Amino acid sequence: MAEYRQIEYRIGKDGKVTETVLSATGASCTETTAGIEKALGKVASQDLLPEYYEGEENLTAEQTQTLKQV
């Protein structure tokens with residue numbers, strides 16, 4: 001089943017385009033927009049929202065538990 005993702009674009013008076021991915025976490029944020037960004041051109045900067053890092057805490061905790069068990 002496909003996941004719903006929302007992408008918001010804001011275009012400033014100076015022509016600067018700001019892209020925000022909503023309803024996505026982890027690498028799917030950047031994967032969702034990769035094709036669009038490639039078509040539009042060079043990305044000047046990228047700020048990742050906290051949602052991008054969701055799930056990394058769980059991965060670290062699992063690794064820590066595994067190390068404690070060994």
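## Talking through a small hairpin and a helix

Biologist: Where does Tyr9 lie?

Modeller: Tyr9 lies in strand β1. Keep in mind that this is a predicted model.

Biologist: Why is Tyr9 called partly exposed?

Modeller: Tyr9 has a relative accessible area of 32%. Buried means under 20% and exposed means over 50%, so Tyr9 at 32% counts as partly exposed.

Biologist: And what makes Tyr9 eligible for a surface patch?

Modeller: A patch residue needs over 30% relative accessible area, and Tyr9 has 32%. Tyr9 joins Ile11, Val17, Ile36 and Leu40 in a nonpolar surface patch of about 490 Å². The elements giving two or more residues to that patch are β1 (6–11) and α1 (28–40).

Biologist: How do you know that β1 and β2 pair?

Modeller: Pairing takes at least two bridges, and six bridges join β1 to β2 (residues 17–22), so the two strands pair. They run antiparallel, and Glu8 stands opposite Thr20 in β2.

Biologist: What lies between the two strands of the hairpin?

Modeller: Five residues lie between β1 and β2. In the turn, Gly15 has a positive phi of about 90°.

Biologist: Now to the helix. Why is Thr33 called buried?

Modeller: Thr33, which sits in helix α1, has a relative accessible area of 1%. Buried means under 20%, so Thr33 is buried.

Biologist: Which residues does Thr33 touch, leaving out those up to four places away in sequence?

Modeller: Thr33 touches Ile7, Glu19 and Val21. Here a contact means heavy atoms within 4.5 Å.

Key. Residues numbered from 1 in each chain as written. Predicted model: local features only at pLDDT ≥ 70, side-chain atom pairs only at ≥ 80, totals over all residues. Heavy atoms only, no water. Patch = residues over 30% accessible without salt bridge, like charges linked within 9 Å, V, L, I, M, F, W, Y side chains within 5 Å. Areas by Shrake-Rupley, 256 points an atom, 1.4 Å probe, with all protein chains shown as cover. Salt bridge = Lys/Arg side-chain N within 4 Å of Asp/Glu carboxyl O. Helix = DSSP H or I, 4+ residues; strand = E, 2+ residues; numbered from the N terminus. Buried < 20%, exposed > 50% of the residue type's maximum accessible area, 1.4 Å probe, protein only.
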